[in-house]
Amino acid sequence: MPSSRPSLQILLLTVLFLTVSGVQKLTVTPDRGTTFKISSSQVNGCQVCTAPKRCSTSLLLTESSRVTLEFKCSRPQDVFSVEIVQNIECTTKSCRSNIILADYGSLPLLDFNRSFTWNLKSLSLKAFKIDFNNEGFRQINSSERCLDRHSYTLQASQTTGNVVVGKYCRAGTIHSAQVLDQGSFSLEVPAGQKLQNGHFDVSLGEEIKSLAKITVMLPKDASSVELLSPNYPQSFPDDDVMEWYFQVPDKHKATVKFLNVMQPRCLKKEAAVEYHSRGRAALVLSLSDSQPEQTQGHFSLTLRNCEMDRRRAGSPGLSLNFRVSASSKSSPVMACKVDVSKMEGLSLHVEKLRPTSDCKMKVNSALKEKISITSNSEISFQDCQPEDVRVSATRVIECSKLEDCPKTPVRLPCSPSMPPCLPAPLSSVTWTLRPPQHGAVELTSPSGPLKQSLPGQPCNDSFIIKAAEDDGSIIGHFCPQGTIQKIQIHTNVTVTVSVLEKKATRTSLKHVLEARLKEEISERYIFTVSPKRDAPVLLATPGWPVGMQSYSTVSWIVTVPQRMEAQLMFAKLSQPKCKNRHTNIRVQRVGRLEEDYSRREDEEAEEMITVSESFYLNMSNCMPERGDFSVITKITLQKSQNLMLTIILSVVSALLVIFVIVLVAVCVVIRKKKRRLNHQVSIYNPNGTSFLPENNGFPKTREDNESHVYASIEDTLVYTHLLRKGREIGVYGEFDTYRPFTGHTDSQKPLVSKDSGYNGSEVGTYRPFQHPSQQGPPLPDRPPSHIRPMVENEIYQTEGQSEEERSPNLGPRLEPEGGN
């Protein structure tokens, strides 16, 4: 001590400290990599200056060079505070440096309140970790002071601002701290207090999901530690998470007690605490629940905040002050009597997993390492934790003759009435089913179809069902929510239901399966499957990924709904080299004799098969010389393509029929409309008959009348009937042969003779029939548009006609009244 006092006096003499008219001066030299921040608590007042006379109420020094400071007041230590800052970055592999407690050139500022701050940042997905070495820390309230006057503060930086993880003093049970992403660690030293040298290791931590994680190491014998939530006594941030991990010594038990709780008003979710420990179920409690007592082994406590309602003034936030105590006292003995009549034929087995644990198991006062209870007994457990033991149960169901087998399905419950003193719940229940020689086992699930646990089709439930043959050969692993309606096995079967997650409750495992011992089946294994639309199903051969047993067979009866079809794809097919017989994969529709598909191991399998009806999928193994026979079949349901084609053709046919009907109707309407719109025409006939087109229409034309159609025609008879008719009415002379027409032609006027009188019959001259008054019958009154059809009548010839075309045209044949 005497040697240190002169050295301090010599060091203080190096500081130039002058008092001239209320002005003080001192000289500092910051260390490399540090930043000095000198700031005043007063807005106006004392200032600090550097040459050449740059003065302000705050100053930032970043260079590691000698600087003279001048304070323009008599007691600047009462106004100014000093912060020395360093930055530490952690890469994906390591951190750049550790936290070293040193003056960093700030000793001339000993009379000022000093704080040393290390800004830490992790550039990886992992948090940065600070180890407090063997001396440890203890957490204090923000208003408390440490005995050595050295207070440490850990902060986490978030986008919403900084969060105070905790304020600490030296010497405690807090071993380390991890902070997500980035934050700061600071040490506050009051004026006149010399810094205690030391260091803390900085390294990469875990990939934590919380704001921070504090590790607490409880010492042996009786001990306790008090901890505070971040920002205490202020509120913990909205919807955030904080974690504490407690390492409890062997043969010790810990108890958690909440001392002071302020519960928030939540908009979403609820504030809660979660307890996690190895080998035990996760425990979720509200802030008002009783917390765990007599907990053995390491555990973590996680505080979860909700989305708080801060709209109302004075709305409370979340803050928590709690204590964790540990002691080495033994737990009381848990004892009970076992009544096997209440266990539904099950035998109980309790096995000690850790020989070094303090767990003591007794049956009828005898100390045991393994317990098997088949009769009424008294059992007891002391200092046994759930992770120390494994509890299981077994049952054998068999019959020698089929008529002696149970007539009703045997229920396979997973949680019968168990003794209350068991330190752990049932981890598995096993049933051995032994049918008669010519019998089989049928398994169904009352809660719905099962599915195989396969890659791409995992089990997400809390338990799994393992089916194996009596010799231990695995048939498959199954779980609920699948498509397998029924499993039939032509051999002895061992069915084991195992708990996958400790959070599974006892009631959730009741009545898992039903078993029937029935008559034998044709295959070694038969599965009845009902796929669902748009949900591919994976079916694996028994024992997958190990191959099927030699000469064994398996069939799947696959139900395909109407108007659907199934696509089969052999996703993973492994074929052996056969020593005897062949492997075979066959597909055959139900009720059909012919096979839709068949392949051996020496034939190339098709990539995809489409089956439009319910079908059998059968596979059989050979005696392999090397290799295994194993297959995963993927079945996908979809709408039938044939049905779609039928629907499309039906729609097209219906449309065509409708189109034809519409077309016919349109044609009929158009034709009727044309008939109504036809111009009414009076046709002059030499015999004195006028035809008026009304509803009856015009007389039949040559095209409409079939009277001009002959099987054979003689030249002399072609126009005989016309000539005879003309002679009778005085139009033609008495000639037996046709005479060419040589009269005048005019396309615009009717043909008449030059002489209106009748002076004899000239050959080739057309003489119109004359009315007795020597005038033709009067024409009916018609609009001008009705005159043109007369000009265009077939009996007139236009100019420019050929010689043949100018031959007399007698017009359409006129039949006598009453017909021929």
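**Exercise 1. Is glutamate 351 buried, partly exposed or exposed?**

*Solution.* At 28% relative accessibility, glutamate 351 counts as partly exposed. The classes are as follows: buried means under 20% relative accessible area, exposed means over 50%, and partly exposed lies in between (1.4 Å probe, protein chains only).

The model is predicted, so local features need pLDDT of at least 70, side-chain atom pairs count only at pLDDT 80 or more, and totals for chains, interfaces and linings use all residues. Residues are numbered from 1 along each chain as its sequence is written, and side-chain values use heavy atoms, with hydrogens and water left out.

**Exercise 2. Identify the salt-bridge partner of glutamate 351 and place both residues in the chain.**

*Solution.* Step 1: apply the rule that a salt bridge is a side-chain nitrogen of Lys or Arg within 4 Å of a carboxyl oxygen of Asp or Glu. The side chain of glutamate 351 meets that of arginine 390 at 2.8 Å, N to O.

Step 2: locate the partners. Arginine 390 is in strand E35 and glutamate 351 in strand E30, 39 residues apart, and the pair links distant parts of the chain. Helices (H or I, at least four residues) and strands (E, at least two) are DSSP runs, numbered from the N terminus.

Step 3: classify the partner. Arginine 390 is partly exposed, at 39% relative accessibility.

**Exercise 3. Describe the strand pairing around histidine 349.**

*Solution.* Step 1: two strands pair if DSSP finds at least two bridges between them. Strand E30 (residues 347-352) runs antiparallel to strand E35 (residues 389-398), with six bridges joining them. E30 is also joined to strand E33 (residues 370-373) by four bridges, again antiparallel.

Step 2: read off the residues. Histidine 349 faces serine 392 in E35 and serine 372 in E33.

**Exercise 4. Compare the burial of the partners in two further salt bridges.**

*Solution.* Step 1: take aspartate 388 and arginine 354, whose closest N and O atoms are 2.5 Å apart. Aspartate 388 is in the loop between strand E34 (377-382) and E35, and arginine 354 is in the loop between E30 and strand E31 (360-363), 34 residues apart. Aspartate 388 is buried, with a relative accessible area of 0%, whereas arginine 354 is partly exposed at 40%.

Step 2: take arginine 524 and glutamate 469, with closest N and O atoms 2.9 Å apart. Arginine 524 lies in the loop between strand E44 (513-519) and strand E45 (525-529), while glutamate 469 lies in strand E40 (residues 463-469), 55 residues apart. Arginine 524 is partly exposed at 26%; glutamate 469 is buried at 4%.

Step 3: set these in context. The count of salt bridges comes to 25. Those that share partners join Arg589, Arg592, Glu594, Asp596 and Glu613 into one network.

**Exercise 5. Which parts of the chain does the aromatic pair of tryptophan 244 and phenylalanine 322 tie together?**

*Solution.* Step 1: rings of Phe, Tyr and Trp (its six-membered ring) pair if their centres lie within 6.5 Å; planes under 30 degrees apart count as stacked, over 60 as edge-to-face and the rest as tilted. By this rule the count comes to 21 aromatic pairs.

Step 2: examine the pair. Tryptophan 244 and phenylalanine 322 are edge-to-face, 5.1 Å centre to centre with 80° between the planes. Tryptophan 244 lies in strand E20 (residues 241-247) and phenylalanine 322 in strand E28 (residues 319-327), so the pair ties together parts that are 78 residues apart in sequence.

Step 3: assess burial. Tryptophan 244 is buried at 1% relative accessibility, and phenylalanine 322 is buried at 0%.

**Exercise 6. Give the order of the four-strand open sheet that contains E28, and name its edges.**

*Solution.* Step 1: the order is E19-E28-E21-E25, with antiparallel pairing. Step 2: the edge strands, each pairing on one side only, are strand E19 (223-228) and strand E25 (295-296). Step 3: six bridges join E19 to E28, and serine 224 has serine 325 in E28 as its bridge partner.

**Exercise 7. Characterise the surroundings of isoleucine 208.**

*Solution.* Step 1: isoleucine 208 is in the loop between strand E17 (198-204) and strand E18 (212-217). Step 2: isoleucine 208 is buried, with a relative accessible area of 8%. Step 3: contact means heavy atoms within 4.5 Å. Not counting residues up to four places away in sequence, isoleucine 208 touches Ala127, Gln178, Val179, Leu180 and Lys213.
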